[in-house]
Amino acid sequence: MWGGRFSGGPSAVMQEINASIPFDKRLWRQDIAGSIAHVTMLGKQGIVEQSDADKIKAGLEQIFAEYETNGVPVNLEQEDIHMTIEARLTEIIGPVAGRLHTARSRNDQVATAFKLWVRDSLDEVIGAVRTLQGALVTRAEQHVDIILPGFTHLQVAQPVSLGHHLMAYFEMLQRDISRLEDARQRLNHCPLGSAALAGTGFALDRAATSDALGFDRPTDNSMDSVSDRDFALDYLYAASQIAIHLSRLAEELIIWSSQPFGFTNMSDKWSTGSSIMPQKRNPDAAELVRGHCGRIIGNFNALMIAMKGLPLAYSKDMQNDKPPVFETHDLLGLCIVAMTGMIETVTFNEDAMRKAAASGFSTATDLADWLVRDLNIPFREAHHITGAAVKLCEERGVMLADLTPQDMANIDDRLQNVTLPDLSINGSVNSRISHGGTAPTMVKQAIENAKRILST
Ligand code: ARG
């Protein structure tokens with residue numbers, strides 16, 4: 001394709017280090033779409049004769065059909081997907097194929113094809129995340145009235161509704177969707193027609209190619225257009241953030257399904273056994289989601305580091321933009337589907353959750369709040385009094401609800417003849433009616449809102 005000023009061919013290692021066809025063959029659909037849009041515009045503008053444009057278009061359509069059935073042939077001599085397609089086009093229609101690359105460079109060509117690919121992936125990820133959100137909402141709705149401990153520092157903190165806990169992940173994924181949509185909107189300007197870096201002297205209609213490819217408008221600066229990979233970084237960041245959320249959920253499922261916790265049973269579908277310990281059922285799928293998250297974050301780092309020192313405009317370093325994006329797409333897709341399956345099938349052990357929720361004096365805050373509300377004691381003092389009550393319970397091996405009015409009076413003079421409030425875990429959960437709180441009435445509202453969001 002560029003042999004004119006060369007007298008020798010590349011060394012075998014040069015060919016190997018240079019070639020991107022082994023991985024960028026995944027861009028074939030988008031590359032052909034970009035070429036069809038380009039040549040259609042060239043024909044309309046009279047830059048290429050209409051009859052030649054028609055031949056090129058028919059050839060490209062034939063290649064599309066061939067690749068659809070047989071896949072993309074990988075030949076390192078063709079370097080990348082763009083050269084592979086053009087070489088095949090030349091085989092099919094002869095030298096007229098050479099007119100396709102008029103007023104175009106591989107630099108704007110690859111930026112366009114890659115943007116189209118990332119855009120498709122964003123749409124796919126949005127759909128998959130929505131499905132996972134649906135699964136979370138379904139399980140949350142079934143378990144609004146189940147109580148488990150809420151933790152801070154992984155120490156029992158306050159009792160919460162299991163539905164509330166699951167809905168926390170709905171919120172995280174909702175922010176993820178907004179990041180994906182935001183990335184999609186920012187990506188959607190078309191670089192095609194920027195040529196190598198400086199634009200072109202041909203009378204292109206950039207708005208026409210932009211429209212044809214479903215972009216909102218053409219990009220404005222030709223140098224930025226061919227050297228911008230922000231869209232790939234936006235994608236990798238949004239993916240990393242999703243992976244972090246999935247990894248935290250995976251971590252909880254792993255802890256919850258451990259024997260000392262016993263909160264959940266992972267379905268056989270998402271577990272594996274041990275080759276030596278016959279009793280084992282391990283939460284491997286959850287562990288792999290947690291593990292894959294590291295690779296996804298690594299891919300984000302890899303591309304940031306690849307980009308950070310590049311002068312304008314295109315440098316070959318940028319060919320390294322694709323492997324991290326492709327791998328992230330594959331890993332993330334697997335993780336989301338696996339997590340959806342785990343959430344759909346996990347079973348919750350209500351008794352173990354309830355017992356744990358009642359442990360660790362989890363309703364101590366309710367006692368302190370009551371001292372503030374009913375006896376007008378400042379919160380800091382109420383905190384201190386409650387701490388003393390917990391200490392007393394610990395010494396006697398009883399629960400807060402077991403303390404007598406005399407016990408309370410002994411702790412503080414102001415507590416003469418008081419009747420203790422409801423310090424049960426149900427009472428505690430039911431009382432948390434602030435906006436976003438864990439009271440079942442509030443959780444049900446959140447679930448209704450979520451359903452409305454998912455149905456639009
Ligand atoms: N395979 C290249 C890439 O993915 C295509 C662009 C090549 N451009 C160039 N000036 N060598 O980045």
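In the predicted model, the C-alpha centres of domain 1 and domain 2 are separated by 32 Å. These two units belong to a domain assignment that divides the protein into domain 1 (14–102), domain 2 (119–145 + 159–206 + 216–355) and domain 3 (358–455). Between domain 1 and domain 2, contact is made by 11 residues of the former and 9 residues of the latter. On the side of domain 1 that touches domain 2, at least two residues are supplied by each of α2 (21–24) and α3 (28–44), and the largest share, 4 residues, comes from α3. By class, the residues on this side of domain 1 comprise 3 nonpolar, 5 polar and 3 charged.

Two of these domains also take part in the surroundings of the ligand, since the shell around the ligand draws at least three residues from each of domain 1 (14–102) and domain 2 (119–145 + 159–206 + 216–355). The residues around the ligand are Ser20, Asp24 and Asp80, followed along the chain by Arg106, Asn107 and Val110, and then by Tyr314, Lys316, Met318 and Gln319. Helix α6 (residues 106–142) provides the largest share of this shell, with 3 residues. In terms of residue class, the shell is made up of 4 charged, 3 polar and 3 nonpolar residues.

Helix α6 is also prominent in the nonpolar interior. The largest nonpolar core has 99 residues, of which Tyr235, Leu246 and Met339 touch the most other members, and α6 gives the most to this core, with 14 residues. When neighbours within four places in sequence are left aside, tyrosine 235 is in contact with Val118, Ser121, Leu122, Ala183 and Val325. Another core lies apart from the largest one and has 10 residues, among them Ala364, Trp370, Leu371 and Ala382. In soluble globular proteins, nonpolar side chains tend to be buried together.

Two positions within helix α6 were examined individually. Alanine 113 is placed in helix α6, and it is classed as buried because 27 other C-beta atoms lie within 10 Å, where the cut-off for a buried residue is 20 or more. Not counting residues up to four places away in sequence, alanine 113 touches Leu27, Gln30, Asp31 and Gly34. The C-alpha atom of alanine 113 is separated by 71 Å from that of leucine 403, and the two residues are 290 residues apart along the chain. Aspartate 120 is likewise placed in helix α6, but it is classed as partly exposed because 13 other C-beta atoms lie within 10 Å, a count between the limits of 12 or fewer for exposed and 20 or more for buried. Aspartate 120 and phenylalanine 170, which are 50 residues apart in sequence, are 23 Å apart in space from C-alpha to C-alpha.

Annotations from the sequence record can be set beside this description. In an unreviewed entry, UniProt lists residues 4–298 for the feature "domain: Fumarate lyase N-terminal". The end C-alpha atoms of residues 4–298 lie 40 Å apart in the model, and the span is 61% helix and 6% strand. The feature "domain: Argininosuccinate lyase C-terminal", also from an unreviewed entry, is placed by UniProt at residues 361–430. For residues 361–430, the end C-alpha atoms are 17 Å apart, and the span is 61% helix and 0% strand.

Note on methods: Residues numbered from 1 in each chain as written. Predicted model: local features only at pLDDT ≥ 70, side-chain atom pairs only at ≥ 80, totals over all residues. Near = placed C-beta within 6 Å. Nonpolar A, V, L, I, M, F, W, Y, C, P; charged D, E, K, R; others polar. Domains from an automatic or database assignment. UniProt positions renumbered as here; feature names shortened; annotations may be inferred. Core = buried A, V, L, I, M, F, W, Y, C linked by C-beta atoms within 7 Å. Contact = placed C-beta atoms within 7 Å.
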